[in-house]
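User: I have a model open and want to go through it step by step. Please keep the answers short and show the reasoning.

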Amino acid sequence: DYAEAYCGLGIALKNLGQTADAVASFHRALEIKPNYAEAHTDLGNALLELGQLDDAVASYRRALEIKPDYAEAHSNLGNALLELGQLDEAVASYRRALEIKPDYAIAHNNLANALRVLGQLDSAAASCRLALGIQPDYADAHNNLGSVLQALGQFDGAIASYRRALEIKPDYAEAYSNLGKALKDIGR
């Protein structure tokens, strides 16, 4: 009857790639402790990974009913909404997360992704830079900034951002691909 242990087991299973088993463990934690906001969020993360977007949204919303100022749940809800193509709602979720926790680098980077998709490139670049001001070695934010700068036609800055992402995370396939595209775009 130890809900926290089931939740911890779920996280470990998810990290091992056993996401379906993780879902079962999170459900067990929630049977024991139905108002366990963190377990609802962790369940949402696993469901999101499995592509069960509507169920993930429901899990995040349940976590937020229990704990309205849970920044991570707001940010993760934004990720699911972004995947569903509900861009304005995703942006609102990221912004709510940042109202609660202004130094949340992941939420700044997630917001930048949504703003980039919306075509708000200058705002997306600013969000990436905020994330990097908080966490300078955040490879995903460097890669994301590179994508935004490339879309703005700022190829030198994009290439530098991709290279910085690769210095931090040498096995970052997406950054290699983005770097290759940027170099191709300038004839190199």
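User: What share of the 188 residues of the protein counts as buried?

Analyst: This is a predicted model. A residue counts as buried when its relative accessible area is under 20%. Of the 188 residues, the share that meets this is 46%.

User: How many helices and how many strands does the protein have?

Analyst: Read along the sequence, the pattern is α-α-α-α-α-α-α-α-α-α-α. The secondary structure therefore comes to eleven helices and zero strands, with helices taken as DSSP runs of at least four residues.

User: What is the radius of gyration of the protein, and what would a compact globule have?

Analyst: The C-alpha trace spans about 60 × 30 × 25 Å along its principal axes. For 188 residues, a compact globule would have a radius of gyration near 16 Å. The value for the protein agrees with that: 18 Å.

User: What part of the exposed area do carbon and sulfur atoms supply?

Analyst: The protein exposes about 9,100 Å². Of that area, carbon and sulfur atoms supply 50%.

User: How far apart are the centres of the positive and negative side chains?

Analyst: There are 17 positive side chains and 25 negative ones. Each set has its own centre, and the two centres lie apart by 5 Å.

User: Is tyrosine 60 buried or exposed?

Analyst: Tyrosine 60 sits in helix H4, residues 53-66. Its relative accessibility is 0%. The cut-off is under 20%, so tyrosine 60 counts as buried.

User: Which side chain forms a polar contact of 2.6 Å with tyrosine 60?

Analyst: Leaving out residues up to four places away in sequence, tyrosine 60 touches Thr41, Gly44, Asn45, Leu48, Ala73, Asn76, Leu77 and Ala80. The 2.6 Å polar contact runs between side chains, and the partner of tyrosine 60 is asparagine 45.

User: What joins the side chains of asparagine 113 and asparagine 144, and at what distance?

Analyst: Asparagine 113 belongs to helix H7, residues 105-117. Beyond its neighbours within four places in sequence, asparagine 113 is in contact with Leu82 and Asn144. The side chains of asparagine 113 and asparagine 144 are joined by a polar contact of 3.0 Å.

User: Where is alanine 124, and what is its relative accessibility?

Analyst: Alanine 124 is placed in helix H8, residues 121-134. Setting aside residues up to four places away in sequence, alanine 124 touches Ala112, Leu115, Arg116 and Val148. Alanine 124 counts as buried because its relative accessibility is 0%.

User: What separates the C-alpha atoms of alanine 124 and aspartate 88?

Analyst: Along the chain, alanine 124 and aspartate 88 are 36 residues apart. In space, their C-alpha atoms are separated by 14 Å.

User: Which residues does serine 147 touch, not counting those up to four places away in sequence?

Analyst: Serine 147 is part of helix H9, residues 139-151. Serine 147 counts as buried, since its relative accessibility is 16%. With residues up to four places away left out, serine 147 touches Arg116, Tyr162 and Asn178.

User: Is leucine 149 buried or exposed?

Analyst: Leucine 149 lies in helix H9. Apart from neighbours within four places in sequence, its contacts are Arg129, Gln154, Gly157, Ala158 and Ser161. Relative accessibility is 4%, so leucine 149 counts as buried.

User: How far apart in space are leucine 149 and phenylalanine 26?

Analyst: In sequence, leucine 149 and phenylalanine 26 are 123 residues apart. From C-alpha to C-alpha, the distance in space is 40 Å.

Technical notes:
Residues are numbered from 1 along each chain as its sequence is written. This is a predicted model: local features need pLDDT of at least 70, side-chain atom pairs count only at pLDDT 80 or more; totals for chains, interfaces and linings use all residues. Side-chain values use heavy atoms; hydrogens and water are left out. Helices (H or I, at least four residues) and strands (E, at least two) are DSSP runs, numbered from the N terminus. The radius of gyration is taken over C-alpha atoms; the globule rule is 2.2 Å times the number of residues to the power 0.38. Buried means under 20% relative accessible area, exposed over 50%, partly exposed in between (1.4 Å probe, protein chains only). Accessible areas come from the Shrake-Rupley method with a 1.4 Å probe; for residues, only the protein chains shown count as cover. Lys and Arg count as positive and Asp and Glu as negative; His and the chain ends are not counted. The place of a charge is taken as NZ of Lys, CZ of Arg, CG of Asp or CD of Glu. Contact means heavy atoms within 4.5 Å. A polar contact is a pair of N or O atoms within 3.5 Å; within protein, one must be able to donate a hydrogen and the other to accept it, and residues adjacent in sequence count only if both atoms are side-chain atoms.
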